[in-house]
Structure formats: C-alpha cells, structure tokens
Amino acid sequence: MSHPLDFYPSIGTHELPFDGVSLSTLTEIPKVDLHRHLVGSIRPEVLVYIANRLNITLNGFGNDPKRIARASVLSKPVPNGYEHFLRKRIWAGFKGIFSDPRGIHNAVYWGIADAARDGVIYVEFRVAPNSREFNPLLPLSLEEYIDAIRTGVKVARRDFPKTVAKIILSVGRSGVIERWGDLADRRRRFQKLAESTLTNRDIVVGLDLTGNEDRYSNDLFQDFCEIVKSAGIPLTVHSGETGNPKSVWEALDKLKVDRIGHGIGAVNDPELLATLAELRIPMEICPTSNIILSVARSFVDHPVKEFLEKGLCVTINTDDPVLLGPTTLSNEFLHLIKSGIITVEGMGRITSQSISASFATEVEKSELTARVDDFFSGRPALTASLGHV
Ligand SMILES: [Zn+2]
C-alpha cells in the first residue's frame, strides 16, 4: 500500500519562477489558513488509504479514488458552481470514516499533514458536528467525536510540530431548517453546540454557519447568534459568497459576526465596503474556490483587489483545497502575486492580519507572530531577493 506522502500532488510546481517568486519559495514562508473545510481537504487517495487501513467501505465508491474524485471534485469553473457543488456526493464517501473514531482522527491527521507540507503554521479546520445529536444516522456523541478530532490533532502535532490546528464547528443552514425540529428543539441543539465548544476550548475555537445563504438567509439564525454570543464564543459565517451584499449586512447587523466567510458580494456595495473597512471585520477570502464556483471570474478580476484598495482586513484561505481546485495556500498567494494584486510584502501583512483575526488565544497569537518574525529576520537573502518584506 502506498503511503499518502508518497503521492502528495505537485500543484503548480511546473510553473517557472515569477519575478523571483516561485511556489517553493512561497511554500517555505509561514502561512495561516482560517477558512478550510476538513472534508474538502482530504485527497481521495488519502480517504481510500484510511478506509483500507481501517477496513471501512466507502459507500458506493468501491474504495476507488478515481470514482470518489469524479463524484466530488470540481477542477474547472462551472456555471452555477455553488448549486452544482451542493449537489456533489461528498458526504457519501466520508460517512463511513466519520462513523469511526479512528477514521476521524486519521482524517484530521492527514488534513494537518498536508497543511504542514504547504508551510501552514496555523489552520482552523471547519467540521460539521457529525454526531448523533445532529445526525441520527451517526453513532458517536458530540463529545466522542470531538475527542477523536483531538486525538488526530495530538498525533499530528507530534509528527508536524510546526503546525497548530484548531477546529470550528460548522452548522449547515439547510440541516437546521429542514431537519431540525421546532424552535425549542433548535435552541436545545444550539445550546449543546455552545456547551461543547466551551468545554473543549483547547481544540474547538469557534462556530460557523454554512450552506445556501440565498435560500436560508442569516436573519433566520438570530437565535443561534444570541446563544453563541452570550456564551462568548467567536462566530464566523459564510456570507456574500454568491454575491449577495444583503447577506453580509445581515451577518454584521443581526448575527454580530467576528469574521465573514468570503463576503465577496460586498464588492458592489460602497457603503458596505466602507463599513467593513471601518469595523476591520476580517474577510476570509478563498480565491480559487470562488473561481471554480464561478462567483469570481479570475484572480485578476477577484474582488479581493478592491477589498485591499479600500482598506478591508483581508485574509487568504483555501476553503476546499482538494474538492475545489486542487489548490494549496502557497498556490493562492502565488496567483495573487502573479496577478499583481499583492506583493510578497503584502503576503507577510496578510499573514499577520490572519494571526490577529484567528480564534487562537492571545498567547498562541504571540507565539505565531514571533515565528513569522523570526522566519523573515533569519532570511535576509530571501527577503532581499524578493525585494520585499
Ligand atoms: Zn467555506
């Protein structure tokens, strides 16, 4: 059986260095990813590797990575990409893995391994609360599920000590509206999420809303926000991903979010841009994801350019680096630099902003900042050759 690190994909390494910047240079630079879904980060080959080792059958795919890739990966821009992506059979491949604590901790381990390989020093993975309190088809309780995630993080920390990983529990809008019960039932489940987040603060650092924001708008989730905020838990929400500025306004005014996932719909609303800049709300920008889902045309035309010009607090992230792309965080920065949107100096600034915007503790933020500073101060030749930083 081949080992996952034997078939790590060589994304973009065929590209010639651009203005002194190559992918391998950017891979060396410490980076931070605040918006990365765990399920979207596991390569089909790795999924099969885990399943085979644990004797798990991946529903309907015959443990064949090519079949899994065909059913779940989008590698080229598609019209109405978001709707298309929602219809992909991603969960089918993962159900067996997420029903077994060993599957969960292996998935987390390999998600972190790939981030470490890319020079990511801090990552917040989003995972759905895949437990029986929220999905009766699953066997584990939320506590058992979080414990399995913690095991994966611990083992990965031993093997990849330079990468710190945390978890954001990500609640799907459609699941809440279509499958949860009445308002009292919703409240009980939201409270369970908040309680588990508070009791597992070492690993779970925040909560998120994801899914179709046009069908189920943010104002339907004010009870969620009240519970989360009154518990003092950081909140980020997917908003304005498909171009709707109203969704971003609602995230700010009604959900009182700490960060915005994507938010690119704000680009057509000057008042909203000014408000986001003034409030310094961190924007979790994921360029390749937006391009593949056809909500942005290209790197050159991506709204992040205007966000930076208007002084918004921009962070750069990968979203679903395997399912949409594939990409890596280094690859995202390479494209933004090649498109003339940022410089390597700007990349350093964005990494610092990402550290500040993260849901890490103040002590962890200081340690991460020191590591980034150390990296650059110890490499005058690198910074001189790049002419920046
Ligand atoms: Zn996302």
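Strand E1 (residues 31-37) and strand E2 pair in the parallel sense over five bridges, and E2 also pairs in the parallel sense with strand E3, over six bridges. This is a predicted model, in which the protein chain has 18 helices and eight strands. The points below go from these paired strands to helix H7, then to Asp-320, and end with the chain as a whole.

**The paired strands**

- Within the pairing of E1 and E2, Arg-36 stands opposite Phe-125 in E2, while on the E3 side Tyr-122 stands opposite Val-164 in E3.
- Eight of the eight residues of E2 are buried, so this strand is largely enclosed by the rest of the structure.
- In a regular strand the side chains alternate between the two faces of the sheet.

**Helix H7**

- Helix H7 covers residues 142-159, and its 18 residues should span 26 Å at 1.5 Å a residue, which agrees with the 26 Å found between its end C-alpha atoms.
- The buried residues of H7 are Leu-142, Tyr-145, Ile-146, Ala-148, Ile-149, Gly-152, Val-153 and Ala-156.
- These buried residues lie on the same side of H7, because they cover an arc of only 155° around the axis.
- The elements against which the buried residues of H7 pack include three strands already named or numbered here, E2 (120-127), E3 (164-172) and E4 (204-210), and they also include the helices H6 (101-117) and H9 (183-199).

**Asp-320 and its surroundings**

- Asp-320 is found in the loop that runs between strand E8 (313-316) and helix H15 (329-338).
- Although placed in a loop, Asp-320 counts as buried, because it has 27 C-beta neighbours inside 10 Å and the cut-off for a buried residue is 20 or more.
- Leaving aside residues up to four places away in sequence, Asp-320 touches His-37, Gly-40 and Ser-289.
- Of these contacts, the one with His-37 joins residues that are 283 apart in sequence, yet their C-alpha atoms are 5.7 Å apart in space.

**The chain as a whole**

- The protein chain has 389 residues and a radius of gyration of 20 Å, which agrees with the value near 21 Å that a compact globule would have.
- Along its principal axes, the C-alpha trace of the protein chain spans about 55 × 55 × 45 Å.
- Of the 389 residues of the protein chain, 50% count as buried.
- Among the contacts in the protein chain with a separation of 6 or more, 73% are accounted for by residues 24 or more positions apart.

Notes. Residues numbered from 1 in each chain as written. Predicted model: local features only at pLDDT ≥ 70, side-chain atom pairs only at ≥ 80, totals over all residues. Helix = DSSP H or I, 4+ residues; strand = E, 2+ residues; numbered from the N terminus. Buried ≥ 20, exposed ≤ 12 C-beta atoms within 10 Å, placed from the backbone. Contact = placed C-beta atoms within 7 Å. Rg over C-alpha atoms; globule rule 2.2 N^0.38 Å. Expected span 1.5 Å × (residues − 1). Arc of directions from axis to C-beta. Pairing = 2+ DSSP bridges.
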